[in-house]
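Let's take a walk through this protein together, one neighbourhood at a time. Keep the viewer open and turn the molecule as you read.

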Amino acid sequence: MTLTRRKTLCLAGATLAALHPPALWAQAPAARVIASFSILADMAQELAPAGVQVTSLVGPDSDAHVYQPSPADGKRLAQADLVLINGLGFEGWIERMVKVSGYRGPVAVATQGIQPRTGGHHDADPHMWQDLALARRYAGNISAAFAQRWPHRRDEIDRRSAEYVARLDQLDAQVRDWLGAVPRAQRRVITSHDAFGYFGSAYGVDFLAPQAWSTHSEPSAAAVARLIRQIKKDGVRAIFVENISDPRLVERIGREGGVRVGGTLYSDALSKPGGPAATYLQLFEHNARSLAAALQA
Ligand code: ZN
């Protein structure tokens, strides 16, 4: 008699626990996060609590510096629960877009509180995701925005953040090993735009580029000629095209300087799904391995 009653009680408890919370979640529409570009969207999807759907405005292999949002993008934005941007002028079109779309929710800035590289006449270099230690700060800012938006899911958000940060740290140690195996004097690379300054200072690689932090303006003939001279004078070991840029200029610089193209670096966007840089961690691993291989050769 007692046994039967206890069994029934347990079953009832189990049924309540198993059915009610998921059923409530299932009825609610998925929460929508919109990130400005693919790399940020991937980080956010890794960090988001279950049921939160993250999409990107600028897609894979696309240049966020010069993106032109469509009316359809504006409609998507208006329906978002949270918007994530890089900041530091990387996606200069976003502020106007938010205003025009009528979106009134929070806009979280992934680079919030991180001290940027500055130099020349530029304000700040926005490409902070190219250093895994700074990606850790991105993760902190994204998770904080999630916790503010969905405070009742804080435990899950904290757990996912800790897991992701552990993966960032592990890859950071590997990248240091791979590049550490290349003599420092050989770590000289040319890319198409100056997107790898943070990578360079974190892992000890000198990057030169005909185009500055943004891709808005065409590189000058003088900058191109200077690079070709530098290849010969400074012994630049490798030259890389970027997935978001026309490869022809860099290929020409390589030809005229007598250096071969070492492959493709993923600078400001992921590859398409199934490609070599379909996630942020894959992107970073691909770039670091490609650099180490080309510089060692
Ligand atoms: Zn860029």
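Start with arginine 117: its charged end sits over the ring of tyrosine 198, 5.9 Å from the ring's centre. Before you go on, keep in mind that this is a predicted model.

Now for rings meeting rings. A pair of aromatic rings is described by the distance of the centres and the angle of the planes. How many aromatic pairs does the structure hold? There are 11 aromatic pairs. Take tyrosine 67 and tryptophan 93, whose ring centres are 5.1 Å apart with 55° between the planes, which makes the pair tilted. This pair ties together distant parts of the chain, 26 residues apart: tyrosine 67 belongs to the loop between β2 (52-58) and α3 (71-78), and tryptophan 93 to the loop between β3 (82-85) and α4 (94-101). Tryptophan 93 has a relative accessible area of 11%, and the cut-off for buried is under 20%, so tryptophan 93 counts as buried.

Next, find phenylalanine 199 and phenylalanine 284. Why is this pair called stacked? The ring centres are 5.4 Å apart and the planes meet at 25°; stacked pairs have planes under 30 degrees apart, so this one qualifies. Here too, distant parts of the chain are linked, with the two positions 85 residues apart: phenylalanine 199 is in helix α7 (residues 197-203) and phenylalanine 284 in helix α10 (residues 280-296). Both phenylalanine 199 and phenylalanine 284 are buried. They also belong to a wider group, as ring pairs join Phe196, Phe199, Tyr203, Phe207, Tyr280 and Phe284 into a cluster.

While you're around helix α10, look at serine 267, in the loop between β8 (261-265) and α10. Is serine 267 buried or exposed? Its relative accessibility is 0%, so it counts as buried. Leaving aside neighbours within four places in sequence, serine 267 is in contact with residues including Ile39, Trp129, His193 and Glu242. Phe196, a member of the ring cluster, is also among the contacts of serine 267.

On to the sheet. Strands of a sheet pair through backbone hydrogen bonds, either parallel or antiparallel. Here you'll find four strands in an open sheet, ordered β2-β1-β3-β4, with parallel pairing. Why does one side of β2 and of β4 (107-109) have no neighbour in the sheet? These two strands stand at the edges and each has a single partner strand, so one side of each is left free of a sheet neighbour. On average, neighbouring strands are turned by 25° against each other, direction ignored. Further in, strand β1 (residues 31-37) pairs with β3 in the parallel sense over three bridges, and alanine 35 stands opposite leucine 84 in β3. Lying across β1, β2 and β3 is helix α2 (residues 38-47), which runs at about 175° to β2.

Finish with two backbone oddities. Most residues other than glycine have a negative phi. Aspartate 61, though, has a positive phi near 55°; it is found in the loop between β2 and α3. Leucine 88 likewise has a positive phi, of about 60°, and lies in the loop between β3 and α4. Aspartate 61 has a relative accessibility of 27%, so it counts as partly exposed. Leucine 88, at 34%, is partly exposed as well.

Terms used. Residues numbered from 1 in each chain as written. Predicted model: local features only at pLDDT ≥ 70, side-chain atom pairs only at ≥ 80, totals over all residues. Heavy atoms only, no water. Phe/Tyr/Trp six-rings, centres within 6.5 Å; stacked < 30°, edge-to-face > 60°. Buried < 20%, exposed > 50% of the residue type's maximum accessible area, 1.4 Å probe, protein only. Lys NZ or Arg CZ within 6 Å of the ring centre and 35° of its normal. Pairing = 2+ DSSP bridges. Axes fitted to C-alpha atoms, helices over the stretch in contact; angles between N-to-C directions. Contact = heavy atoms within 4.5 Å.
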